[in-house]
Amino acid sequence: MIYAIVNQKGGTGKTTTAVNLGAAWAEMGARVLVLDLDPQAHATLHLSVTVQEDTPTIYTALHNDVMGRRLPDPLAPAGAARGEEAVALAACIRRAGKDALDVVPASLDLAQADLELNMVFDRERRLARLLAPVAAEYDAVLLDCPPYLGLLTVTALAAAQRVIVPLSADFLSMQGLRALVRTVLQVSSDLNYRLALEGVLLTRVERTAMARAVEADVRKALDGSGVGRAFQTTIPKNVDIAEAAANRSSVLVYSPRSQGAEAYRALAQEIGRPRRG
């Protein structure tokens with residue numbers, strides 16, 4: 001199962017959710033891949049993967065595919081250079097430093113991908129084609145998307161089967177939810193009929209009147225809509241979650257009995273152990 005972790009607003013917990021939900025599923029025995037689609041490369045850093053100049057990343061695979069290097073020049077004279085081989089996504093996979101997860105890392109080069117994707121035919125499905133042979137080897141693939149609704153996010157939605165929307169429990173976060181849900185529905189209608197909203201995940205939840213009001217608004221908006229649900233599990237604002245990122249591991253490794261770790265285990269149980277296909 002391929003999940004896109006999406007929100008156009010930064011600071012809602014997309015990377016934190018991709019890393020810690022993936023770690024919780026891995027703890028349940030699932031084979032999990034986290035694919036970092038954010039040029040900030042926070043998931044790559046969070047999972048203690050070091051990217052050097054010659055390290056193949058998601059940008060390496062996308063760039064080779066987008067720039068047409070998969071196909072050699074059919075009219076090239078005999079003996080002429082036949083062009084570069086495409087980089088398979090499998091060649092980009094690295095093992096997380098401290099967690100039982102695999103990672104396709106990112107780097108700042110990925111910021112060029114939106115521009116390059118704009119130049120080619122069938123751009124929205126490029127990631128889906130690259131991902132297809134790799135996804136079959138995993139129970140869950142988590143696509144950590146950038147904090148904007150550009151082409152990288154659209155390619156993730158075109159490749160995914162389910163969408164998880166982390167939403168921080170504050171007033172401004174709620175304002176973009178309707179626009180994001182509309183985008184998901186449009187991609188489902190026009191590009192990827194398999195795509196559905198798995199759920200909205202309230203994150204950074206505190207015991208305040210504002211947090212309770214936002215949670216009530218989210219549940220009221222989704223209840224009976226037929227579009228999706230708000231997860232019963234919520235993720236608290238928890239210092240161990242923040243410290244785990246600095247430790248370059250999931251909170252389940254850094255502080256296994258913490259409130260944050262238990263919340264992500266509860267989310268993994270609520271969604272259910274993922275299955276291939």
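## Gly 228 and its surroundings

Gly 228 touches Leu 197 and Leu 222, leaving aside residues up to four places away in sequence. This is a predicted model. Gly 228 sits in the loop that runs between helix 9 (209-222) and helix 10 (239-246).

The residue is partly exposed, because its relative accessible area is 21% and the buried class ends under 20%. Lys 98 lies 130 residues from Gly 228 along the chain, and their C-alpha atoms are 34 Å apart.

## The sheet

Seven strands form an open sheet with mixed pairing. Their order is 3-4-2-5-1-6-7. Strand 3 (94-95) and strand 7 (196-203) are the edges, each pairing on one side only.

Strand 2 (residues 32-36) runs parallel to strand 4 (residues 102-104), and 3 bridges join the pair. Here Val 34 faces Val 103 of strand 4.

## Helices on the sheet

Helix 1 (residues 14-27) packs on the sheet. It touches strand 1 (2-5), strand 2, strand 5 (140-144), strand 6 (162-168) and strand 7. The direction of helix 1 makes about 170 degrees with that of strand 5.

Helix 6 (residues 151-159) also packs on the sheet, with contacts to strand 1, strand 5 and strand 6. Its direction makes about 150 degrees with that of strand 1.

## Nonpolar cores

The largest nonpolar core holds 56 residues. Leu 35, Ile 58, Leu 131, Leu 143 and Val 218 touch the most other members. Leu 131 touches Ile 2, Leu 35, Leu 89, Val 141, Leu 143 and Ala 159, not counting residues up to four places away in sequence.

Another core, of 34 residues, lies apart from the largest one. Its members include Trp 25, Val 32, Ala 96 and Leu 267.

Technical notes. Residues are numbered from 1 along each chain as its sequence is written. This is a predicted model: local features need pLDDT of at least 70, side-chain atom pairs count only at pLDDT 80 or more; totals for chains, interfaces and linings use all residues. Side-chain values use heavy atoms; hydrogens and water are left out. Two strands pair if DSSP finds at least two bridges between them. Helices (H or I, at least four residues) and strands (E, at least two) are DSSP runs, numbered from the N terminus. Contact means heavy atoms within 4.5 Å. Axes are lines fitted to C-alpha atoms, for helices over the stretch in contact, and angles run from 0 to 180 degrees between N-to-C directions. A nonpolar core is a set of buried Ala, Val, Leu, Ile, Met, Phe, Trp, Tyr and Cys residues joined through side-chain atoms within 4.5 Å. Buried means under 20% relative accessible area, exposed over 50%, partly exposed in between (1.4 Å probe, protein chains only).
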